[in-house]
Amino acid sequence: MIPREPPPWLEALQSRFGEVLRTPLDRSAGTLTATPEAYPVEARDDVTAGPRTAAEARLAVYNRQYWFRLFTVLQTVFPLLVDLLGAWDFNAYASDFLLAHPPRGWDLERVPDGFEVFFAERLRGHRDEAVLVAAAQLDAGWRALLRQPPSRPFRPSPEEAARLLDGHLRPSPSVLLMEDAWGLLHRKVSLAGPRAEVASPRPLRRAASWFCVVREPGGVRHIALEAGEGTLLALLRGLPLREALARLESACDEASREALPEAAQRWLARGAERGMWLGVDEPQRRTQV
């Protein structure tokens, strides 16, 4: 059966109603408020007044619920960022994002796609840019992991083993590697428990630490890494193993350099067991990830 084209009057009605829904809520009074006077006049004529409610007020109900629902979706995906910014300031960024990138499909799960990129661009020059962008990336990376299959141990084939030193290890999307300079991982994990009051948007900086978050059958698991281990795994995201090891060795002091061969073997074995890689690509076949 060939689908019929919708009648023009229905397309016009839906377009006007969509414009009502997307009308931004006003923030000037310190609360999110609908502004019916900003709705298209034609849209107001589409709705009849109720026994106790004007047509504009009835449209405002849908307008508010549209924004509240989308704010909830974004806040659910970026809980760490909400915790650092506070819901009010977070919703300001979310509103700008939704106006620039309005939802185009039926799946609400797709609404947050690209928010962390938009947020990072908007935050350029902000005094807390580094920590807030890192928080957004951690939230987004965590979300991406939940969409991936569980990781599997990496077992290189004989052909892959032969080019291991000079090939490129292909990272698995089921493992997130990140350097944490502000204790963001601990803070994110703590959000799953009883909520404390929102703290300062500038957590105390501490010595950088590396961690990986691994997608497993029951969810995700976060694992602390040794400093050299995290550095090596990060280098392997862009360099062949031989060159990554050389870079790491050149940055070591003499005592660490002597222990590096044994440590590197241990780190690589653990990375393989956690499924950090999917295969070994030859340099000329390397694709960007």
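Start with the contacts across the whole chain: of those with a separation of 6 or more, 71% are between residues 24 or more positions apart, where contact means heavy atoms within 4.5 Å. This is a predicted model, in which local features need pLDDT of at least 70, side-chain atom pairs count only at pLDDT 80 or more, and totals for chains, interfaces and linings use all residues. Residues are numbered from 1 along each chain as its sequence is written, and side-chain values use heavy atoms, leaving out hydrogens and water.

**Whole chain**

Now colour the chain by pLDDT, the predictor's confidence in each residue on a scale from 0 to 100. The mean is 86, and 85% of the residues reach 70 or more. Among the elements, helix α2 (residues 41–46) has the lowest mean pLDDT, 64, while helix α6 (residues 115–122) has the highest, 97. Switch to a cartoon and you will find 12 helices and five strands; these are DSSP runs numbered from the N terminus, with helices being H or I of at least four residues and strands being E of at least two. Of the 289 residues, 40% count as buried, meaning under 20% relative accessible area, with exposed being over 50% and partly exposed in between (1.4 Å probe, protein chains only).

**First stop: T23**

Select T23, in the loop between α1 (8–22) and α2. Is T23 buried or exposed? T23 is buried, because its relative accessible area is 8%. Show its surroundings too: beyond its neighbours within four places in sequence, T23 is in contact with T35, A38, Y39, N63 and W67.

**Second stop: α3 and α5**

Keep W67 on screen and select helix α3 (residues 55–77) together with helix α5 (residues 87–100). They pack at an angle of about 110 degrees, with axes 10 Å apart. Axes here are lines fitted to C-alpha atoms, for helices over the stretch in contact, and angles run from 0 to 180 degrees between N-to-C directions. That makes α3 roughly perpendicular to α5, a term for 65 to 115 degrees; under 35 counts as roughly parallel, over 145 as roughly antiparallel and the rest as oblique. From α3, show W67, L70, F71, L74 and Q75; the residues they meet in α5 include F90, F97 and L98. By class, this contact has 10 nonpolar, three polar and no charged residues (nonpolar: Ala, Val, Leu, Ile, Met, Phe, Trp, Tyr, Cys and Pro; charged: Asp, Glu, Lys and Arg; polar: the others, Gly among them).

**Third stop: the sheet**

Next, select the open sheet of three strands, ordered β2-β3-β4 with antiparallel pairing. The edge strands are β2 and β4 (219–225), each pairing on one side only. Neighbouring strands are turned by 20 degrees against each other on average, direction ignored. Rotate to find helix α7 (residues 129–146), which packs on the sheet and touches β2, β3 and β4; its direction makes about 165 degrees with that of β2.

Zoom in on β2 (residues 175–180): five of its six residues are buried, so this strand is largely enclosed by the rest of the structure. Six bridges join β2 to β3 (residues 209–216); two strands pair if DSSP finds at least two bridges between them. Pick M178 and you will see F211 of β3 opposite.

Finish on the other side of β3, where seven bridges join β3 to β4. These two strands form a hairpin with two residues between them, and the bridge partner of E216 is G219 in β4.
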